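This report describes selected features of one protein chain for a reader who has the sequence and the coordinates at hand. Please consult both while reading.

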Amino acid sequence: MPLPLETERLIIRSFTPDDAEAMFKVLGDAETMRFFLIWLAKSVENARGFIGWVTGMERDFGYSFWAVVEKTSGEVIGDCGLAPLEGEGPEVELGCDLRKDKWNQGYATEAGIACLEYGFRELKLDRIVAVTNPQNFAAQRALEKLGFTEEGRGEHYGGESVEYAKYREKG
């Protein structure tokens, strides 16, 4: 199941430099990034830097946050994928950021399922984590839909977080 990953409505693929403007629409939007202010892009160049970071991670680890492309429009509508927790690991986290006009349409769940399947089947991970701001109730609901279980509170990315985990199914 190498990239690209394909779902009913999405293609999940590696980023290219041409994706910077589309990702600026996601990473540069204060409402979209309100729980991730450390990622708030101030320019297309900042989005280009994000793409450079995630493509380097993909090269180094074999996984990363990838471009989420809506099949019907062909547009990059965000990112979803796996990364070392806080950029360092050793745990691997699931993350997803989508353009706000694509919220509440099931895209995060659809992309998350594909990325989790990749992590468990291809990367042979036994556990994938996710962290979210305690006030980010939409992300918490999405994680629960994906089968994650809350494991407690902690501090990640410079702030308080709710920690979730999902384990590979045995069998």
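The sections below treat the nonpolar cores, a pocket, two buried residues and some backbone features of this predicted model.

## Nonpolar cores

The largest nonpolar core holds 27 residues, and the members that touch the most other members are I12, V68, L94, I128 and F148. Two or more residues come from each of strand 2 (10–13), strand 3 (65–70), strand 4 (76–84), strand 5 (92–98), helix 3, strand 6 (127–132) and strand 8. Helix 3 makes the greatest contribution to this core, with 7 residues.

V68 illustrates how this core is connected. Not counting residues up to four places away in sequence, V68 touches L10, I11 and I12, the run from E75 through V76, I77, G78 and D79 to C80, and also L98 and A111. A second core, separate from the first, comprises 17 residues, including A20, M23, A41 and F50.

## The second largest pocket

The second largest pocket has a volume of about 250 Å³. The residues that line this pocket are I113, L116, E117, F120, R121, L146, K166, Y167, R168 and E169. Helix 3 (107–122) and strand 8 (159–167) are the elements that give two or more residues to the lining.

Helix 3 supplies the largest share of the lining, 5 residues. By class, the lining of this pocket contains 5 nonpolar and 5 charged residues, with no polar ones.

## Two buried residues: T7 and Y164

T7 is located in the loop between strand 1 (5–6) and strand 2. Its relative accessibility is 14%, and T7 therefore counts as buried, the cut-off being under 20%. The side chain of T7 forms a polar contact with the side chain of E110, at 2.5 Å. When neighbours within four places in sequence are left aside, the residues in contact with T7 are K71, E110 and A114.

Y164 belongs to strand 8. Y164 counts as buried because its relative accessibility is 2%, below the 20% limit for that class. Beyond residues up to four places away in sequence, Y164 touches I128, V129, A130 and T132, then Q140, L143 and E144, and further F148, T149, E150 and E151. Y164 and Y107 are 57 residues apart along the chain, and their C-alpha atoms are separated by 20 Å.

## Backbone features in loops

Where does the cis peptide bond involving P90 lie? P90 is found in the loop between strand 4 and strand 5. The peptide bond from G89 to P90 is cis, and its omega is near 10°.

K124 and Y157 deserve inspection for their phi values. K124 is not a glycine, yet it has a positive phi of about 60°. This residue, K124, lies in the loop between helix 3 and strand 6. With a relative accessible area of 55%, K124 is exposed, since that class begins over 50%.

Y157 likewise has a positive phi, near 55°, in a residue other than glycine. Y157 is placed in the loop between strand 7 (149–156) and strand 8. Its relative accessible area is 29%, and Y157 is therefore partly exposed.

Key
Residues numbered from 1 in each chain as written. Predicted model: local features only at pLDDT ≥ 70, side-chain atom pairs only at ≥ 80, totals over all residues. Heavy atoms only, no water. 1 Å grid on protein atoms, 1.4 Å probe; cavity = no way out; pocket = protein on both sides within 12 Å on 5 of 7 lines; lining within 4 Å. Points joined across faces, edges and corners; volume = space filled by probe spheres on them. Helix = DSSP H or I, 4+ residues; strand = E, 2+ residues; numbered from the N terminus. Nonpolar A, V, L, I, M, F, W, Y, C, P; charged D, E, K, R; others polar. Core = buried A, V, L, I, M, F, W, Y, C linked by side-chain atoms within 4.5 Å. Buried < 20%, exposed > 50% of the residue type's maximum accessible area, 1.4 Å probe, protein only. Contact = heavy atoms within 4.5 Å. Polar contact = N/O pair within 3.5 Å; in protein donor to acceptor, adjacent residues only side chain to side chain.
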